[in-house]
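Open the model in your viewer and keep the sequence panel beside it. The stops below say what to select next and what is there.

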Amino acid sequence: MNVDGKKYRTIWLAKDGESVEIIDQTKFPYAFEIAKLRTMEDAAHAIRVMQVRGAPLIGATAAYGVALAMRADSSDEALHHACSALLETRPTAVNLHWALDRARKVLIQVEPALRATAAFTLANDICDEDIGINMAIGMHGMELIAAISETKRKGEPVNILTHCNAGWLATVDWGTATAPVYMSHDGGIPVHVWVDETRPRNQGAFLTAWELGHHGVPHTVIVDNAGGHLMQHGEVDIVITGTDRTTATGDVCNKIGTYLKALAARDNNVPFYVALPSPTIDFSLSDGVREVPIEERDGKEVSQMTGRTDRGDIHTINIVAEGSPVANPAFDVTPARLVTGLITERGVLEPNRQSIAGAFPERVKMSA
Ligand code: MRU
């Protein structure tokens, strides 16, 4: 997408052909900074500290991490070590497993002298595929938004609520939940996005708001607890979120708080859609609530907040009563029964095994 007139992806091979560059997402929304990844350890660190985040981008970064490892040492041992080390970085987004599995299977067949080149090619391919997938998601999702728009008065926007950041910053480009929004907006369909701030890390307030603002999409940031109230008052036409792992049965695991939005949407007859690229489907799982590993993050993300003062200084402050314990589960699971549909690159699917397997038969076979 464009940032101040310049086209960016979130990750790319640097001009030196040896290192990888990323947009450092820990600096948002106060600064737009590029960081360099020179080693596999740099890539693992970037994922762990969330310089890059979002399921598809985590997968793409891991693929580049393997490539950086292969440039340093292209032996079988180094390949296995890189895949294991990168897999440890974050537990929930299955795109990480998917990308590393793919890299390992492809590269082990390549003779070591050619592995680094093959690994960079694979990482580039994963990035290009991600963009193609997200554009297809955008086209399918735009049809849903267009259908709602037709029920409205001329010029009245379709109100879309989203949680966390499933925008272009969470992918290589376009985003998943935001691709239908950008395409609708660019195509002249009036839209307005309710952006959940998404405590504790504020991906909504820091990232989604930043990217929608830079693209000129009308939006309003709300506290996480406002969604239900807005739905009760007819202010939300559709919810579209992303997902970090979707089971074969259509349960979706996404940023903590997504489940509560789905419950509120059901109570208010608001359609609840989840946008996902097929690498986010984990065909080995059937019961999301019991089987998806939920990342437990540092309690400081809950007990502290970082922000910029009016003078421009950035400060971190404590916001919890001293001595009170905190818990920080980073994701939750929305059962398929609360999901209206899954917006994938192959169309809008019903959230059930038959529909998902029917759309991606080759993935079902691979996981069997
Ligand atoms: O902890 P994060 O910021 O990596 O969580 C990201 C999300 O929950 C996104 O909604 C999900 O990865 C989908 S991204 C297209």
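A salt bridge here is a side-chain nitrogen of Lys or Arg within 4 Å of a carboxyl oxygen of Asp or Glu. This is a predicted model, in which local features need pLDDT of at least 70 and side-chain atom pairs count only at pLDDT 80 or more, while totals for chains, interfaces and linings use all residues. Residues are numbered from 1 along each chain as its sequence is written, and side-chain values use heavy atoms, with hydrogens and water left out.

**Stop 1: salt bridges**

By the rule above, the count comes to 18 salt bridges. Select Arg90 and Glu295, whose side chains meet in one of them at 2.8 Å, N to O. The two residues are 205 apart in sequence: Arg90 is in the loop between α3 (76-87) and α4 (94-107), and Glu295 is in the loop between α10 (288-291) and α11 (300-303). Helices (H or I, at least four residues) and strands (E, at least two) are DSSP runs, numbered from the N terminus. Buried means under 20% relative accessible area, exposed over 50%, and partly exposed in between (1.4 Å probe, protein chains only). Arg90 is buried because its relative accessibility is 5%; Glu295, at 8%, also counts as buried.

Next, select Glu301 and Arg201, which form a salt bridge of 2.8 Å, N to O. Glu301 belongs to helix α11 and Arg201 to the loop between β7 and α7, 100 residues apart. Glu301 is buried at 13% relative accessible area, whereas Arg201 is partly exposed at 28%. Now show Arg90, Arg201, Glu295, Arg297 and Glu301 together: they are linked in a network of salt bridges.

For another pair, go to Lys36 and Glu21, where the N to O distance is 3.1 Å. Lys36 is in strand β5 (residues 34-37) and Glu21 in strand β4 (residues 20-23), 15 residues apart. Is Glu21 buried or exposed? Its relative accessible area is 18%, so Glu21 is buried; Lys36, at 32%, is partly exposed.

**Stop 2: the loop between β7 and α7, and other backbone features**

Most residues other than glycine have a negative phi, and most peptide bonds are trans. Select Thr198 in the loop between β7 and α7. Thr198 has a positive phi of about 70° although it is not a glycine, and with a relative accessible area of 0% it is buried. Pro200 lies in that loop between β7 and α7 as well, and a cis peptide bond joins Arg199 to Pro200, with omega about 10°.

Move to Cys164, in the loop between β6 and α6 (179-186). Phi of Cys164 is positive, near 60°, and the residue is buried at 7% relative accessibility. Then select Phe28 and Pro29: the peptide bond between them is cis, with omega near 0°. Pro29 is in the loop between β4 and β5.

**Stop 3: the open sheet**

Colour the strands in the order β8-β7-β6-β9-β12-β17-β18; these seven form an open sheet with mixed pairing. Two strands pair if DSSP finds at least two bridges between them. β8 (219-222) and β18 (347-349) are the edges, each with a single partner strand, so one side of each has no neighbour in the sheet. The twist averages 25° from one strand to the next. Axes are lines fitted to C-alpha atoms, for helices over the stretch in contact, and angles run from 0 to 180 degrees between N-to-C directions.

At one edge, β17 (residues 341-344) and β18 pair in the antiparallel sense over three bridges; Thr344 has Gly347 of β18 as its bridge partner. Add helix α5 (residues 112-149), which packs on the sheet and touches β6 (158-162), β7 (191-196), β9 (238-241), β12 (272-275), β17 and β18. The direction of α5 makes about 130° with that of β17. Contact means heavy atoms within 4.5 Å. Helix α7 (residues 203-215) also packs on the sheet, touching β6, β7 and β8, and its direction makes about 160° with that of β7.

**Stop 4: strand β16**

Select β16 (331-334). In a regular strand the side chains alternate between the two faces of the sheet. Phe331 and Val333 point one way from β16, Asp332 and Thr334 the other way, and all are buried. Strand β11 (residues 252-255) pairs with β16 in the antiparallel sense over four bridges, and Cys253 has Val333 as its bridge partner.
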